[in-house]
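Colleague: I've got some terms I'd like you to justify. Can you pull up the model and walk me through them?

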Number of protein chains: 2
Amino acid sequence: MIADTFSFLESRKGLILETLHGLPDLSGSRGEESLERIVEFCSRGKMIRGCLVFLGAQAAGILPTNQWHAVEKALPGVAAAMELFQAGLLAHDDIMDRDLTRRGAPTIHARYASEAREAGCADAAHLGEALGICLGDLCYFEAYALLERSLAGLPRSGEMIGLCSSVLSDVAVAQMSDVAWGAGTSDPSEDEILAMYRGKTARYSFSLPLAAGALAADDPELASALSALGDGLGMLFQIRDDELGLFGSPAETGKAVGSDLREGKKTLFRSRLLGSAPDTEQDRLQALFSGESEPSLEDLSYIRALSERLGIAEGIAALSREAEDKSRAILRGLHSASSETIAVLEGLVEYVTRRDK
Amino acid sequence: MIADTFSFLESRKGLILETLHGLPDLSGSRGEESLERIVEFCSRGKMIRGCLVFLGAQAAGILPTNQWHAVEKALPGVAAAMELFQAGLLAHDDIMDRDLTRRGAPTIHARYASEAREAGCADAAHLGEALGICLGDLCYFEAYALLERSLAGLPRSGEMIGLCSSVLSDVAVAQMSDVAWGAGTSDPSEDEILAMYRGKTARYSFSLPLAAGALAADDPELASALSALGDGLGMLFQIRDDELGLFGSPAETGKAVGSDLREGKKTLFRSRLLGSAPDTEQDRLQALFSGESEPSLEDLSYIRALSERLGIAEGIAALSREAEDKSRAILRGLHSASSETIAVLEGLVEYVTRRDK
């Protein structure tokens, strides 16, 4: 079932790539080469968000042919816009997190910096960041322009611009909290962590593209249902992400053992464990979760055993089951979608809940 | 005449402020305080771009009352969106230029950094920049959301989103060139400098808001004419800006003597002077324009005398006259505008050409 979901999503990537390669030129040689960087960066991603746009539209079922033709023409542009937004956010996030590689290559600002260094620039790191900020901005503006062009003549273009903007505003605010927590100036409450999961993962990565597809197909009711589904998918994805970040197999995830500990990530698991652990365990836990020491396999077994003893693992598994049940209930209510489309969506629920990498 | 122009523009500021203060809440306490920062930052600006939106709409003349009512309702939102875009660009520019004050107060990232420093954050400067990047992004998303809400139901909302996005993309690309030149990795040709004047000053600061006002009033022909007027206004503004940056009175401009030399700004004047000066003068000129030494009044007299001897000053004055003539010719062709509106626009031409600060 997951395989069908992947082949559905994968099959839409070509349309997105084609749209990105067909973006109209920007003026001047710098405009041209900036666009090339953007398209190259997008191409290296999995484009899940973009592909979900097609899935959202397909869930609207079969529309009268002439109308469907206009929707089908619009979808690649809407999908490519999602990837451009994502590229802009990542270009900026990587500056904030000082990340130097992404998608198997140097990050946007790291590449600019190394080019500047080669050109003999004395202040190459700063120039790299400055150009990375500009390129991120450019991604946003190009995304909106593409969205507008793609939707011209369709009934819900304004709604779509409004939806994207509102979700992206929430992402920007969530990102502020994220960097502030990372800098250790404040420790988030459980409510704040859940708001972050909703804002940065659920609403942005799942609800928005699915709902955008439904809106393109002129089905606002479906858009609401898919938004709710996206909330569930995001919660499931994030809970599994936290598990993999602590206990995932490095061979599968491609990350180091206990990578979330190293990065001092403020997860729900961490918050509940620190909140319930007895005083006698606090020193060891605080040290482990501070990201200061290198976690050993023994440390991870200790965390796992403690979390089971305190019922943390079970509590989070219950949250996950709840989100899964809710997601499946929403799927049962999607009457316009064909059984094939429902199967693809079910595969998505399955994947975010149980993936190993 | 300039006084009338200023009082026209000034009289619209209140409407923009009201719109900004009425922006819908963003979720969470961080959302709320981010919005406060944005509104506070916008409030300290002159809001010329926003005010030009009203002028652009007014140039469309008097429309049937019921339609005009809808346009009038939309204008404050469109105008406030221009100020939000500008806030986002400035938040990012100030990080790139490492500027610590703006509009008489700490810049966005400098304020975040000093707050983080007070909270004991070890990496306060970096956190300040990260939060500044996020706040800039938030400004863009809020601007688009506001634009969409304000224009809902008006005929040219899609066109407006497209216009803003295309101009902002050009600004982002121009800004990349600007920071790259500033870092000394390349020296711009005259064509590149003129493209920068067009992109960053003319099209963005003048053409866009004027044309946006005309589009809100459903007059695309006027929007084109005002775009062309904006090109002229921008060129005039920038030429005068370069003069003031070199020879302006510190008492009037509030900047140090020869501030453009200090900052190593790549102006048209600099490019022409370095391009025409004989070999015997190159060393002194290069040193002065490198921004390394402190320019004296004697240095400035030397530059002025040399530029007059080589006909640079005259050549640039001719460019300025040409732009002024073109602008006035466009004004004579604006048949829908009342004589009062034309007078306000004439005052604007006057101001950008001859201002002392």
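Colleague: What makes a residue part of the contact, and how many residues does each chain put in?

Modeller: This is a predicted model, and a pair counts if the C-beta atoms, placed from the backbone, lie within 7 Å. By that test the contact takes 48 residues from chain A and 48 residues from chain B. On the chain A side, α2 (28-43), α4 (65-96), α6 (124-151) and α7 (157-182) each supply at least two residues. The largest share comes from α7(A), with 16 residues.

Colleague: And how does the side of chain A that touches chain B divide into nonpolar, polar and charged?

Modeller: That side has 26 nonpolar, 15 polar and 7 charged residues.

Colleague: Why are the two copies said to be related as by a two-fold rotation axis?

Modeller: Chain A goes onto chain B with a rotation of 180° and 0.0 Å of shift along the axis, at an RMSD of 0.0 Å. The two copies are therefore related as by a two-fold axis. The same surface serves both, too: 100% of the contact residues of chain A recur in chain B.

Colleague: How do you know that the radius of gyration of chain A agrees with a compact globule?

Modeller: For 357 residues the rule puts a compact globule near 21 Å, and chain A has 21 Å, so the two agree. The C-alpha trace of chain A spans about 70 × 60 × 35 Å along its principal axes. In chain A there are 16 helices and 2 strands.

Colleague: What makes a residue buried, and what percentage of chain A qualifies?

Modeller: The cut-off is 20 or more other C-beta atoms within 10 Å of its own. Buried residues are 50% of the 357 in chain A. In helix α12 (residues 268-276) of chain A, the ones that pass are Leu268(A), Phe269(A), Arg270(A) and Leu273(A). The buried residues of α12(A) pack against α8 (190-216), α9 (220-247), α13 (279-289), α14 (297-309) and α15 (312-332) of chain A.

Colleague: Which residues touch the most other members of the largest nonpolar core?

Modeller: Ala214(A) and Ala214(B), in a core of 224 residues. Leaving out residues up to four places away in sequence, Ala214(B) touches Gly56(B), Ala57(B), Ala59(B), Ala60(B), Asp219(B), Leu222(B), Ala223(B) and Leu226(B). In soluble globular proteins, nonpolar side chains tend to be buried together.

Colleague: Last one: what percentage of the contacts in chain A join residues at least 24 apart, among those at least 6 apart in sequence?

Modeller: That comes to 73%.

Technical notes: Residues numbered from 1 in each chain as written. Chains lettered and ligands numbered in written order. Predicted model: local features only at pLDDT ≥ 70, side-chain atom pairs only at ≥ 80, totals over all residues. Least-squares fit on C-alpha atoms with pLDDT ≥ 70 in both. Contact = placed C-beta atoms within 7 Å. Buried ≥ 20, exposed ≤ 12 C-beta atoms within 10 Å, placed from the backbone. Helix = DSSP H or I, 4+ residues; strand = E, 2+ residues; numbered from the N terminus. Core = buried A, V, L, I, M, F, W, Y, C linked by C-beta atoms within 7 Å. Nonpolar A, V, L, I, M, F, W, Y, C, P; charged D, E, K, R; others polar. Rg over C-alpha atoms; globule rule 2.2 N^0.38 Å.
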